Amino acid sequence: MINTPRISVRPDHPDFVDLDWSRPISEWTSSRLVSMPEGIHRHPVVFVAYSQGIYAIKELPIRFARHEFETLGALEEITSHVAVPVGLVERPWIDKDSESSGTVITAYVSHAFPYRHLVSGHDFGQRRDALLDAFAGLLVELHLHGFYWGDCSLSNTLYRWDASSIEAVMIDAETSSIYSQLSKGQRLEDLAIMELNVAGEMADIAAEHGVSIDDADLALGSDITARYVTLWDELTTSLIVTAGDHYRIRHRIERLNTLGFAVDSIDLIPVDDGVNVKMRVRVGGRQYHSERLRQMVGIDTSENQARSILSDIAYHEAKVGSTSATRRSVGTMNWRSQVLEPLIDEISVDLPDQPVYQAYCDFLAYRLRVATERSRDVDNNEAYEAWKAAGFPRFKGSDHPSTEQR
Ligand SMILES: Nc1ncnc2c1ncn2[C@@H]1O[C@H](COP(=O)(O)OP(=O)(O)O)[C@@H](O)[C@H]1O
Ligand SMILES: [Mg+2]
């Protein structure tokens, strides 16, 4: 009776009672254990497979486990770029300060890879920009919501292809805290920690590749900060608009939407005796396009995939000439049943192991390439045959790292 674990699990997941909680996870021999790519970490981590999916289990002192579980839960409310917490397991018979007194279970972030896969390749150059943007964007989004990371690093984040861009997903919240709002000092401190961590990580990679520290990409962290500052200012600076210039408000909103941020509310405050108005915007999560696509056709994708797919819908509508709102919504439904679904079915058969909407975006990029080469419109059947014949190439120039264990 003494070795009974306290397991709390969210609904719709396994109960995990079949795992051998009486022993540390590093001693497990369960047939559910699977080997997955993993980054640098200090606590033991294992991955287990159930019919509901794969889960990451991390072992750490119970108070840290509880804190991480709760923080990830709070973050999940504000962003989709975070690992989903699933369960918390306590071993009450073990001293509460011991490393193995608690574990956090998170849903495995599928089709993601650690940063090492991204920066170690010889052609990192063209991926560097995408990594910087994804990372800076994630940090801005978290800071906007009052989240202080405390240990922001490349290895506490996973990466996924997102159309031609990269999506960064935060996985390690052990050192973090959530406030109603962050002060500038807190944000700068978080950025300083990030720069230090990233420099260490880049120095490690250089050493691993036998490259001298002088040639390591030590500027990566400060480049992330530079992008962070630009994006932060763009999102938070108030705009003074003169009467007759109200179109600038619309431009500002469009610009924020282009960056992927949904606008939650706009405050317009009269200033200068009412001659001008000061505009302050409150932005929501970075899911503007994915939210729009979900509302329009009910499919869930990541932000840049949604952007590509929305362009495809617009292209389809332009071709069939839907102009009125009613015809457009009928057109969108036709696009779903006649264009998207047949292609998704084919992709699922031809590329069963790949994330299907990412593959669809790869196809869209290929269709554009073929149409450009042939200087004419290419229909989907013709483009798909060409894509298949070419071996299903992905976005031009991006040699996607695999998610296999290296
Ligand atoms: N939900 C998850 N999905 C995929 N990989 C994960 C997940 N959680 C952890 N990992 C992998 O395990 C490693 C360690 O996780 P992390 O939470 O950073 O542990 P630590 O606190 O020990 O640093 C990560 O680098 C990542 O590769
Ligand atoms: Mg970590």
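The legends below describe close-up views of a predicted model.

**View 1. Division of the chain into domains, with the contact between domain 2 and domain 4.** The chain of this predicted model is divided into domain 1 (6-107), domain 2 (115-234), domain 3 (237-283) and domain 4 (289-389). The centres of domain 2 and domain 4, taken over C-alpha atoms, are separated by 32 Å, and contact between these two domains involves six residues of domain 2 and nine residues of domain 4. On the side of domain 2 that touches domain 4, at least two residues are supplied by each of β8 (157-162) and β9 (165-170). The residues on that side of domain 2 comprise two nonpolar, two polar and two charged.

**View 2. The surroundings of ligand 1.** There are 19 residues around ligand 1, and those that come nearest are G39, H41, H43, A56 and D172. Both domain 1 (6-107) and domain 2 (115-234) contribute to this shell, with at least three residues drawn from each. By residue class, the shell around ligand 1 divides into eight nonpolar, six polar and five charged residues.

**View 3. Helix α4 and the elements it packs against.** Helix α4 spans residues 184-208, and its 25 residues reach 36 Å from the first C-alpha to the last, which is close to the 36 Å expected at 1.5 Å a residue. Its buried residues are D190, L191, M194, V198, E201 and M202, and these pack against β7 (147-148) and α5 (220-236). As background to the spacing of such positions, an α-helix has 3.6 residues a turn, so residues three or four places apart point the same way. Just after α4, the backbone at G210 takes a positive phi of about 70 degrees.

**View 4. L220 of helix α5 and its contacts with helix α4.** L220 is found in helix α5, and this residue counts as buried because 22 other C-beta atoms lie within 10 Å, where the cut-off for a buried residue is 20 or more. When residues up to four places away in sequence are not counted, L220 touches V198 and M202, both of which are listed among the buried residues of α4. The contacts of L220 with V198 and M202 thus illustrate, at the level of individual residues, the packing of the buried residues of α4 against α5. For a longer reference distance, L220 and Q354 are 30 Å apart in space, C-alpha to C-alpha, and 134 residues apart in sequence.

Note on methods. Residues numbered from 1 in each chain as written. Chains lettered and ligands numbered in written order. Predicted model: local features only at pLDDT ≥ 70, side-chain atom pairs only at ≥ 80, totals over all residues. Helix = DSSP H or I, 4+ residues; strand = E, 2+ residues; numbered from the N terminus. Expected span 1.5 Å × (residues − 1). Buried ≥ 20, exposed ≤ 12 C-beta atoms within 10 Å, placed from the backbone. Contact = placed C-beta atoms within 7 Å. Domains from an automatic or database assignment. Nonpolar A, V, L, I, M, F, W, Y, C, P; charged D, E, K, R; others polar. Near = placed C-beta within 6 Å.
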